[in-house]
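Open the model in your viewer and keep the sequence panel beside it. Each stop below says what to select and what is there.

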Amino acid sequence: MEEARHLFLHSNIPRSAFSTSRPHLDVHRKKRGQGSRSWIKIDQNGNTTILHLDKATIMRNCSLPARDLRLLDPMFIYPSTILGREKAIVVSLEQIRCIITAEEVILMNSLDGCVVQYKSELCKRLKTNRDQEDDLPFEFRALELALELTCISLDSQVKELKMEIDPVLDELASSISTLNLERVRRFKGHLLALTQQVQKVRDEIEHLMDDDGDMAEMHLTEKKRRMEDNSSASDINFRSSTSSGPKKVSKSAPVSPSDPIGGAQKLQRAFSTIVGSSKNGSLMGSSNNGERIEQLEMLLEAYFVVIDCTLSKLSSLKGYIEDTEDLINIKLCLLLWQEFSG
């Protein structure tokens, strides 16, 4: 009986209880894999590639801090932001969230209409203008399209809201009803949220226009070219110094421990040469930086005018709602006065 009872107990125990696997390791692996997301890479020729990258890889390749990548996470809701970093521009404008470098755009892969439109339109423009020279560098063309689509999307939302709210306000002005009042209340909430979105995009563009340092930081192509020139110049100097080799000094020639006059003249000539070249380089660099900042500022100013016009439409719509509410209050006061007087 004891042997049968022993076998019965072991037969009722599930096999998973005797498993030697460690579930916490699998959970750890899953948690580590949660950072990998699907991205769309668009190069300068308009070619697209689907990539699966984690945050660490993007941070390492684009020299970005972790807080910048949180702006691109669809799980979080952040206001519109444009950040210029050392090697990239971080763009978070409504549904368009991407990283722009001097050579490619890394776009969050999504089925949203704005994201799909941005990808298709950018590829179309890059392939169309492949053989044509463009004054704007690659990063500015990608940023311009993001601003353009964002402004168009917000303006279309304002137009749709106006088309919906105008008939309701007209009907409410003629006949007061609880249903129309409730609809106007919902429209006011939508109007407030939309105004905050438009205002944030406007403030972000205005902030960039007012800061020359931020605009200069966004010239990724120029910074890359400058780094390549500096590295090539340093390589040339290193090769010339190593190829010349150490100078041989004749043993029979007399060697003076110090030559103050000749050394001072040589030092003065070398110093004047360095100062002159640095002045010319700084003047040329400052003029080029001024032209590039002006180029970006004109681009931002164009879309600042567009988004400011959209904000004016919202202000006008808000004023129309407030005027209708004032009219309703006057009518209600007249009705109450007639009831009390009668």
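Start with helix 7, residues 178-210, and pick out E204 and K200. Both sit in this helix, four residues apart, about one turn of the helix. The two form a salt bridge, with the closest N and O atoms 3.0 Å apart. Colour them by accessibility. E204 has 9% relative accessibility, so E204 counts as buried. K200 has a relative accessible area of 26% and is therefore partly exposed. Next select R202, D203, E206 and D308: salt bridges with shared partners join these residues into one network. Keep in mind that this is a predicted model.

**A second pair within one helix**

Move to helix 6, residues 138-174, and select K162 and D166. The pair lies four residues apart in that helix, about one turn. Here too there is a salt bridge, and the closest N and O atoms are 2.8 Å apart. Which partner is buried, and which is partly exposed? D166 counts as buried because its relative accessibility is 17%, under the 20% cut-off. K162 has a relative accessible area of 43%, so K162 is partly exposed.

**A bridge across the sequence**

Now select D73 and R37. They form a salt bridge whose closest N and O atoms are 3.2 Å apart. What does this pair tie together? D73 is in the loop between helix 4 (66-70) and strand 3 (81-84), and R37 is in strand 1 (residues 37-43), so the bridge links parts that are 36 residues apart in sequence. D73 counts as buried because its relative accessibility is 6%. R37, with a relative accessible area of 26%, is partly exposed. Across the protein, the salt bridge count comes to 17.

**Strand 6 and its partners**

Select strand 6, residues 104-108. How many of its five residues are buried? Four are, and the strand is mostly covered. Add strand 1 to the selection. Strand 1 and strand 6 run antiparallel and are joined by five bridges. Look for K41, which stands opposite I106 in strand 6.

Then add strand 5, residues 96-100. Strand 5 and strand 6 also pair in the antiparallel sense, over three bridges. Trace the chain from one to the other: a hairpin of three residues joins them. Within this pairing, find I100 and its bridge partner V105 in strand 6.

**The nonpolar core**

Keep I100 and V105 selected, then add Y118, L147, I205 and L300. These six have the most contacts inside the largest nonpolar core, a set of 58 residues. Which elements supply at least two residues each? They are strand 1, strand 4 (89-93), strand 5, strand 6, helix 5 (113-128), helix 6, helix 7 and helix 10. Helix 6 gives the most, with 16 residues. In soluble globular proteins, nonpolar side chains tend to be buried together.

Centre the view on Y118. Leaving aside neighbours within four places in sequence, which residues does Y118 contact? They are I96, C98, I100, V105, L107, A142, L145, A146 and L149.

Now clear the selection and pick L53, L71, L83 and A88. These belong to a second, separate core of 14 residues.

**A nonpolar patch on the surface**

Switch to a surface view and select I176, L181, L332 and L335. Together they form a nonpolar patch with about 310 Å² of accessible area. Zoom in on L332, which lies in helix 10 (residues 260-341). L332 has 37% relative accessibility, so L332 counts as partly exposed.

**The whole chain**

Finish by showing everything. The protein has ten helices and six strands. Of its 342 residues, 29% are buried. The exposed area is about 22,700 Å², and carbon and sulfur atoms supply 56% of it. Last, turn on contacts between residues at least 6 apart in sequence. Of these, 66% join residues at least 24 apart.

Notes:
Residues numbered from 1 in each chain as written. Predicted model: local features only at pLDDT ≥ 70, side-chain atom pairs only at ≥ 80, totals over all residues. Heavy atoms only, no water. Patch = residues over 30% accessible without salt bridge, like charges linked within 9 Å, V, L, I, M, F, W, Y side chains within 5 Å. Areas by Shrake-Rupley, 256 points an atom, 1.4 Å probe, with all protein chains shown as cover. Salt bridge = Lys/Arg side-chain N within 4 Å of Asp/Glu carboxyl O. Buried < 20%, exposed > 50% of the residue type's maximum accessible area, 1.4 Å probe, protein only. Core = buried A, V, L, I, M, F, W, Y, C linked by side-chain atoms within 4.5 Å. Contact = heavy atoms within 4.5 Å. Pairing = 2+ DSSP bridges.
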